[in-house]
Amino acid sequence: MGILDIEVWGKDSRKHEERLGTCKVDIAALPLKQANCLELPLESCLGALLMLITLTPCAGVSVSDLCVCPLADPSERKQIAQRYCLQNSLKDMKDVGILQVKVLKAVDLLAADFSGKSDPFCLLELGNDRLQTHTIYKNLNPEWNKVFTFPIKDIHDVLEVTVFDEDGDKPPDFLGKVAIPLLSIRDGRPNCYILKNKDLEQAFKGAIYLEMDLIYNPVKASIRTFTPREKRFVEDSRKLSKKILSRDVDRVKRITMAMWNTIQFLKSCFQWESTLRSAVAFVVFLVAVWNFELYMIPLALLLLFIYNFIILTKGKTGSIQDSQESTDVDEEEYDDDKESEKKGLIERIYMVQDIVSTVQNILEEIASFGERIKNTFNWTVPFLSFLACLILAVATVALYFIPLRYIVLIWGINKFTKKLRNPYAIDNNELLDFLSRVPSDVQKVQYAELRPCSSHSPLRKKRSAV
């Protein structure tokens with residue numbers, strides 16, 4: 001409890017930064033667990049900062065040695081499990097669960113120093129929580145043996161573990177990274193994760209050994225799915241890249257072609273290009289329209305989930321390797337990007353960079369939106385697909401027994417009174433919030449766990465080329 005110093009900075013397209021002003025907040029003077037709306041005038045410049053500050057005691061964050069592992073104590077583990085049991089589903093809705101990560105060791109790391117060694121340390125990021133290990137000097141096979149505990153606010157968050165080489169006053173050198181979705185964690189089992197490059201698309205040199213335990217409340221996790229996702233405070237700005245732009249164009253093209261083929265199929269039914277197909281479509285149209293009820297819409301979507309689940313159990317769905325192939329690029333393109341960066345061509349045309357970067361981001365959003373819808377029905381994340389099936393089943397029953405006017409009335413009353421019940425409530429779209437938790441095809445590749453025998457490493461490619 002003390003003084004919170006706040007700085008406001010501005011940055012233009014040329015990466016020039018300028019401090020615009022500062023202000024201070026006395027944390028000790030604010031009440032706990034209460035939303036405090038403050039208007040703070042900025043020092044040394046005009047303007048003010050409007051802030052909403054809530055002080056909430058944070059439990060669960062800790063760093064310890066293996067000998068004092070929190071979940072290793074049976075009594076403490078039972079107490080934590082009791083806190084997240086189904087009976088406590090409506091208590092403290094923001095406290096979804098707890099994650100314990102044992103960072104054991106890393107092996108065969110890349111040598112970053114001239115001496116043929118590295119000074120590795122490990123950074124763990126979950127949402128906006130960041131913890132790191134100590135540095136082990138002059139070692140390519142470090143053993144940290146540390147235990148990190150994170151509170152879980154969103155079960156759909158991804159744990160990012162990055163290994164760096166400490167380089168004195170200079171920024172640390174990158175030694176590898178892995179991204180692990182919380183829902184893919186296998187409790188209590190040590191796992192060897194092959195390190196990936198910065199883009200998380202190809203294998204890097206070395207591996208890291210982790211052991212994780214996850215305890216969470218499924219009811220709280222399900223409710224949290226339909227609320228806005230927390231934004232990352234520290235996030236790398238996306239650079240302009242021919243590789244990424246080309247990939248996003250291909251992703252949008254695939255979605256567009258799928259929609260176009262569907263439209264052409266429907267058009268062919270009206271053109272009687274195939275007599276059997278048009279006759280069947282005509283009979284289905286008459287039966288469907290004559291017997292149509294509103295509850296049949298969620299019922300049809302529910303049947304689509306069931307159909308895809310049956311196909312999945314038979315092993316006919318495409319593997320992650322298909323997505324890997326679609327997102328992999330030739331080494332020549334990668335080298336071209338490096339050459340363009342060295343020449344500084346992009347740095348000399350800032351205006352064009354901003355325009356192309358905007359187009360790149362729009363294409364990324366369009367492609368990701370279409371892929372998230374597809375992956376919802378494909379059971380990419382079983383938790384989300386099962387949750388969607390549950391919602392559709394409830395919607396089917398509700399539309400069957402409750403008149404539509406009552407449902408619309410309840411929805412309208414909720415929307416109109418939302419700001420009256422909570423003045424600081426952020427308006428959101430529950431459907432878009434749900435889809436934001438579904439990974440796109442690119443994220444599926446990034447989150448995929450590589451096998452030790454994987455041959456995607458760029459280092460191996462270069463050696464084989466020689």
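Is Asp 92 buried or exposed? Keep that in mind while loading the model, which is a predicted one.

**Whole chain**

Start with everything displayed and colour by secondary structure. The chain holds 13 helices and 13 strands. Of its 466 residues, 37% count as buried. The accessible surface comes to about 29100 Å², and carbon and sulfur atoms account for 61% of that area. Among contacts between residues at least 6 apart in sequence, 65% join residues at least 24 apart.

**Asp 92**

Now select Asp 92, in the loop between helix H1 (74-83) and S6. Its relative accessibility is 53%, over the 50% cut-off, so Asp 92 counts as exposed. Check the backbone as well: phi of Asp 92 is near 50°, a positive value in a residue other than glycine.

**Strand S6 and its partners**

Move along to residues 97-107, which form strand S6. This strand is mostly covered, with 9 of its 11 residues buried.

Add residues 143-152, strand S9, to the selection. S6 and S9 run antiparallel and are joined by 8 bridges. To find the register, show Leu 99, which stands opposite Phe 150 in S9.

Then add strand S13, residues 203-216. S13 also pairs with S6 in the antiparallel sense, over 10 bridges. Here the pair to display is Lys 102 and Glu 211, the latter in S13, which stand opposite each other.

When side chains are switched on, one general point helps: in a regular strand they alternate between the two faces of the sheet.

**Asn 145**

Stay with strand S9 and pick Asn 145, which is found in it. What is notable about phi of Asn 145? The angle is near 50°, a positive value in a residue other than glycine. At 30% relative accessibility, between the cut-offs of 20% and 50%, Asn 145 counts as partly exposed.

**Asn 217**

Next go to Asn 217, in the loop between S13 and helix H2 (218-225). Its relative accessibility is 0%, so Asn 217 counts as buried. Which residues does Asn 217 touch, leaving aside those up to four places away in sequence? They are Tyr 84, Cys 85, Leu 86, Asn 88, Ser 89 and Val 96. With Ser 89 there is also a polar contact between the two side chains, at 3.2 Å.

**Helix H3**

Select residues 242-271, helix H3, and place a distance between the C-alpha atoms at its ends. The reading should be 42 Å. At 1.5 Å a residue, the 30 residues should span 44 Å, so the two values agree.

Colour the buried residues of H3 separately. They are Lys 243, Ile 244, Arg 247, Asp 248, Arg 251, Val 252, Ser 268 and Cys 269. Just after H3 comes Trp 272, whose phi is positive, near 55°.

**Two annotated spans**

Finish with two selections taken from a record. An unreviewed UniProt entry lists residues 280-307 and 383-411 under "transmembrane region".

In the model, residues 280-307 are 82% helix and 0% strand, and the end C-alpha atoms of this span lie 20 Å apart. Residues 383-411 are 93% helix and 0% strand, with end C-alpha atoms 26 Å apart.

How values were computed
Residues are numbered from 1 along each chain as its sequence is written. This is a predicted model: local features need pLDDT of at least 70, side-chain atom pairs count only at pLDDT 80 or more; totals for chains, interfaces and linings use all residues. Side-chain values use heavy atoms; hydrogens and water are left out. Buried means under 20% relative accessible area, exposed over 50%, partly exposed in between (1.4 Å probe, protein chains only). Helices (H or I, at least four residues) and strands (E, at least two) are DSSP runs, numbered from the N terminus. Two strands pair if DSSP finds at least two bridges between them. The expected span of a helix is 1.5 Å times one less than its number of residues. Contact means heavy atoms within 4.5 Å. Accessible areas come from the Shrake-Rupley method with a 1.4 Å probe; for residues, only the protein chains shown count as cover. UniProt positions are given in the numbering used here, feature names are shortened, and annotations may be inferred rather than shown by experiment. A polar contact is a pair of N or O atoms within 3.5 Å; within protein, one must be able to donate a hydrogen and the other to accept it, and residues adjacent in sequence count only if both atoms are side-chain atoms.
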